[in-house]
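User: I am new to this structure and would like a close look at a single part, namely the salt bridges and the charged residues around them. Please take me through it carefully and explain the terms as you go.

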There are 2 protein chains.
Amino acid sequence: MSNETPDKGLTLKSILFNENGKFCLPCTLYKSFQYISGSTMDPSISSTPTRDDVIIKQSPALPSVPRSDLIPGSRTYVKEDPPDVNKLGSASWTFLHAMAAKYPEKPTPLQQEEMTDFLNIFSHVYPCFWCAKDFEKYITENAPKVKSQEELSTWMCQAHNKVNKKLGKAQFNCDFWKPRWKEGWDEQE
Amino acid sequence: MSNETPDKGLTLKSILFNENGKFCLPCTLYKSFQYISGSTMDPSISSTPTRDDVIIKQSPALPSVPRSDLIPGSRTYVKEDPPDVNKLGSASWTFLHAMAAKYPEKPTPLQQEEMTDFLNIFSHVYPCFWCAKDFEKYITENAPKVKSQEELSTWMCQAHNKVNKKLGKAQFNCDFWKPRWKEGWDEQE
């Protein structure tokens, strides 16, 4: 096992590394850490669990505050660790879907250009390296549809479903993007 | 009270409206809804609570799933409502800080240009209209510092503290950006 090449790409199954071989914290689940390190966050970990060792298909309910002690000098902020791949993914999709749902119904050419630029840059700066690569590939093959709020919200839903499929998660029915991300469900009932 | 002009700007104290007078869901707390509407998400609400009626200084612990019933045709997805201003804010800061913490230590001129563009566009497309306006103003007065990971992460921390101050929340000591958003706290102990 120690001679295996570390898994690359986002599978939620193992510790992940960046292209340069460095450990990638925002690409990894806390549970994977815990499995091989006994709850340490030590980024010097070099061994890799096998696929069968750490299979986590659904996002675990992580405690939002792993430690109870406060940051030195603060009476408010606890020593919360950086987000793992699940927490970062969930947070980022929340932002992206809400952004699409507030995009203008009739965007100007400048707004369309800005949104296209934004999504392209997003695929360069997203902190989980492998997720960013996947998103960049998706954008290359499926150019962002930015002509209307409906179009962008549906495109975003489909992009998310592509990731859901890769991770073995259920597909979200994109017909429901509006109550989920814009209007709430009362209107539907 | 019914004759009062709705509050504008982000105060977390009341229902907020966009510049065009339309109700702004991503600018509002669920608790504000509940207060005046009896748990309805109906966006046709027209009355406005006074400042004293709905004062919520800290983010309430909102249930992530307000309803237990499933989306039609799905065995997985529940009818979760769109994020309110707190959930959206928390999610977006998680993404932004993590992004800054993974920004290169020595970014190329192109990476610097892209990050500057990204933050400028972010201030146009952020779904809470008033938050976006505040962020745009902050960027105008405090140009994003993009010459290194350290510089950008500190700038982001200071931008967040500006919002914390406005909302009456504690200031985060930006000396601790690295354990909070990049390395975890074990390294510090």
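Analyst: A good place to begin is a pair of residues from two chains: Glu80(B) is buried, and Arg180(A) is buried as well, where buried stands for under 20% relative accessible area, exposed for over 50%, and partly exposed for what lies in between, using a 1.4 Å probe and protein chains only. The model is a predicted one, in which local features need pLDDT of at least 70 and side-chain atom pairs count only at pLDDT 80 or more, while totals for chains, interfaces and linings use all residues. Residues are numbered from 1 along each chain as its sequence is written, chains are lettered from A and ligands numbered from 1 in the order in which they are written, and side-chain values use heavy atoms, with hydrogens and water left out.

Glu80(B) forms a salt bridge with Arg180(A), and the closest N and O atoms are 3.3 Å apart. Glu80(B) sits in the loop between helix H1 (30-37) and helix H2 (85-102) of chain B, whereas Arg180(A) belongs to helix H6 (residues 177-183) of chain A, so the pair joins two chains. A salt bridge here is a side-chain nitrogen of Lys or Arg within 4 Å of a carboxyl oxygen of Asp or Glu, and helices (H or I, at least four residues) and strands (E, at least two) are DSSP runs numbered from the N terminus.

There is also a salt bridge between Glu80(A) and Arg180(B), with the closest N and O atoms 3.3 Å apart. Glu80(A) is in the loop between helix H1 (30-37) and helix H2 (85-102) of chain A and Arg180(B) is in helix H6 (residues 177-183) of chain B, so this pair, too, joins two chains. Both Glu80(A) and Arg180(B) are buried, and these two residues are linked with Lys87(A) in a network of salt bridges. Over all chains, a search of the whole structure finds 14 salt bridges.

Another of the salt bridges connects Lys133(A) with Glu136(A), where the closest N and O atoms are 3.8 Å apart. Both residues lie in helix H4 (residues 129-141) of chain A, three residues apart, which is about one turn of the helix. Lys133(A) is partly exposed at 37% relative accessibility, and Glu136(A) is partly exposed with a relative accessible area of 26%.

Charged residues also appear in a negative surface patch, which is formed by Glu113(A), Asp117(A), Glu113(B) and Asp117(B). Patches are made of residues with over 30% relative accessible area and no salt bridge, with like charges joined within 9 Å and nonpolar side chains (Val, Leu, Ile, Met, Phe, Trp, Tyr) within 5 Å. Helix H3 (109-125) of chain A and helix H3 (109-125) of chain B each supply at least two residues of this patch. Glu113(B), found in helix H3 of chain B, is partly exposed, with a relative accessible area of 48%.

As for the surroundings, chain A contains six helices and zero strands, and 50% of its 189 residues count as buried. Among contacts in chain A between residues at least 6 apart in sequence, 54% join residues at least 24 apart, a contact being heavy atoms within 4.5 Å.

How values were computed:
Accessible areas come from the Shrake-Rupley method with a 1.4 Å probe; for residues, only the protein chains shown count as cover. Lys and Arg count as positive and Asp and Glu as negative; His and the chain ends are not counted. The place of a charge is taken as NZ of Lys, CZ of Arg, CG of Asp or CD of Glu.
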